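Here is a short note for a colleague meeting this structure for the first time. Please read the points with the model open.

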Amino acid sequence: MSELSINWKKLGFVYRRTKCHIRYVYRDGEWDGGRLEESETIPLHVAATALHYGQAAFEGLKAFRCRDGRVRIFRPEMNAARMVDTARRICMAPVDEPMFMEAVRRVIKANLEYVPPYGTGGALYIRPLLFGSGPQIGVTPAVEYTFIVMVMPVGSYYRGGLKPMRAVVYDEYDRSAPLGLGNVKVGGNYAAAMAPHELARREGIPSVLFLDAREHKYIDEFGTSNFIALTHDNKYVTPDSHSILPSVTNKCLQRLAKELGMTVERRPVEFEEIPQFATVAACGTAVVITPVNEITRGQTVYRIGPERGCLPILQKLYDRITAIQTGDGPDDHGWMKEV
Ligand code: PLP
Ligand code: COI
């Protein structure tokens with residue numbers, strides 16, 4: 001299928017050059033028609049608001065080479081809508097859904113050879129990026145914006161499949177303020193998580209769990225994914241908080257959980273509840289579903305879930321969502337969009 005010398009089964013989650021990205025510029029109150037660009041660099045004004053004041057947002061979604069050989073995108077309209085919310089929150093020119101969809105389709109079509117083959121477990125990661133590229137020196141929104149969509153083949157973010165991982169809570173760090181930017185996807189949220197992530201990495205722990213910034217009583221989310229927990233009495237529990245990113249994956253899993261007969265509870269979740277859960281997991285585009293079998297907070301280590309493997313119900317959720325994405329199962333909800 002492809003002439004590229006890529007080991008599709010060992011992709012990991014790393015930057016890879018592909019043929020091109022697509023780039024649009026917003027000037028004089030309107031977006032241009034977009035261009036495919038092969039260069040990996042962009043000329044940028046030294047006073048661009050993205051550089052100085054963090055007017056920068058991104059999205060993350062995936063396209064899959066399905067069983068029938070066609071390439072399909074997983075729920076792109078949800079990412080388009082979230083990027084509009086993010087743009088509004090930090091006063092950037094929004095990209096409407098038709099333009100977002102056009103950009104995603106054009107860049108995928110131009111990079112089709114980079115979509116991992118069916119059966120390898122890989123996907124084409126799609127990374128839309130929107131930022132203030134015009135100059136300001138006072139704290140005001142730019143008048144020029146750039147919208148880029150780049151793509152690259154990826155494998156799993158962590159170890160892959162349903163292999164459990166460790167997580168850590170650092171009470172010295174918050175990711176987002178109670179009425180801050182946690183519910184939108186701005187670059188600054190990831191800057192806030194960088195130092196605790198580096199601390200964790202040095203301890204050999206792949207993920208950081210953030211608590212509500214006001215009291216450190218409730219669970220918000222992981223630095224790169226939402227928090228979900230399954231209970232012994234067949235409940236799917238996930239935090240309801242203003243400070244967490246509304247995850248497309250989480251919404252899909254809630255739907256699938258209901259279809260599997262589970263009760264879905266979206267509510268404030270106290271950290272103290274952790275020992276009562278049958279399973280805890282991280283969910284998101286990059287991490288898919290990754291179980292968490294150990295959470296460290298201060299001197300205390302909480303062990304969660306079965307000693308080995310994972311709960312059969314979590315496996316079922318994982319199998320259902322991945323089958324929809326690869327075309328191994330029916331797409332009853334119409335979640336997959338043709339390129
Ligand atoms: N939470 C954070 C902080 C994220 O970065 C992501 C990844 O996009 C998610 C949650 C999961 O969101 P989604 O399922 O839409 O990828
Ligand atoms: C994604 O899952 O798309 C994310 O945005 C997580 C990421 C920061 C790698």
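How far apart do the C-alpha centres of domain 1 and domain 2 lie? They lie 25 Å apart.

1. Ground rules. This is a predicted model: local features need pLDDT of at least 70, side-chain atom pairs count only at pLDDT 80 or more, and totals for chains, interfaces and linings use all residues. Residues are numbered from 1 along each chain as its sequence is written, chains are lettered from A and ligands numbered from 1 in the order in which they are written, and side-chain values use heavy atoms, with hydrogens and water left out.

2. Domains. The assignment gives domain 1 (3-154) and domain 2 (165-326). These bounds come from an automatic or database domain assignment. In contact are 22 residues of domain 1 and 20 residues of domain 2 (contact means heavy atoms within 4.5 Å).

3. Ligand 1, surroundings. There are 17 residues around ligand 1 (a residue counts if one of its heavy atoms lies within 4 Å). Tyr190, Glu221, Ser247, Thr249 and Thr285 come nearest.

4. Ligand 1, polar contacts (pairs of N or O atoms within 3.5 Å). A nitrogen atom of ligand 1 is 2.6 Å from a side-chain N or O atom of Glu221. Oxygen atoms of the ligand also take part: one lies 2.8 Å from a polar side-chain atom of Arg82, and one lies 2.9 Å from a polar side-chain atom of Lys185. Taken alone, ligand 1 exposes 390 Å², and the protein buries 96% of that (areas by the Shrake-Rupley method with a 1.4 Å probe).

5. Ligand 2, surroundings. Its shell includes Phe13, Phe58, Gly60, Tyr125 and Tyr157. Lys185, Tyr190, Thr224, Thr285 and Ala286 are also among the residues around ligand 2. By class, the shell has 6 nonpolar, 3 polar and 1 charged residues (Ala, Phe and Tyr are among those counted as nonpolar, Lys among the charged, and Gly among the polar).

6. Ligand 2, polar contacts. Polar side-chain atoms of two residues face its oxygen atoms: Tyr125 at 2.6 Å and Lys185 at 2.7 Å. A polar backbone atom of Ala286 is 2.8 Å from an oxygen atom of ligand 2. Taken alone, ligand 2 exposes 280 Å², of which the protein buries 90%.

7. Position. Why does ligand 2 lie between domain 1 and domain 2? Both domains give residues to the shell around ligand 2, so it lies between them.

Key:
A polar contact is a pair of N or O atoms within 3.5 Å; within protein, one must be able to donate a hydrogen and the other to accept it, and residues adjacent in sequence count only if both atoms are side-chain atoms.
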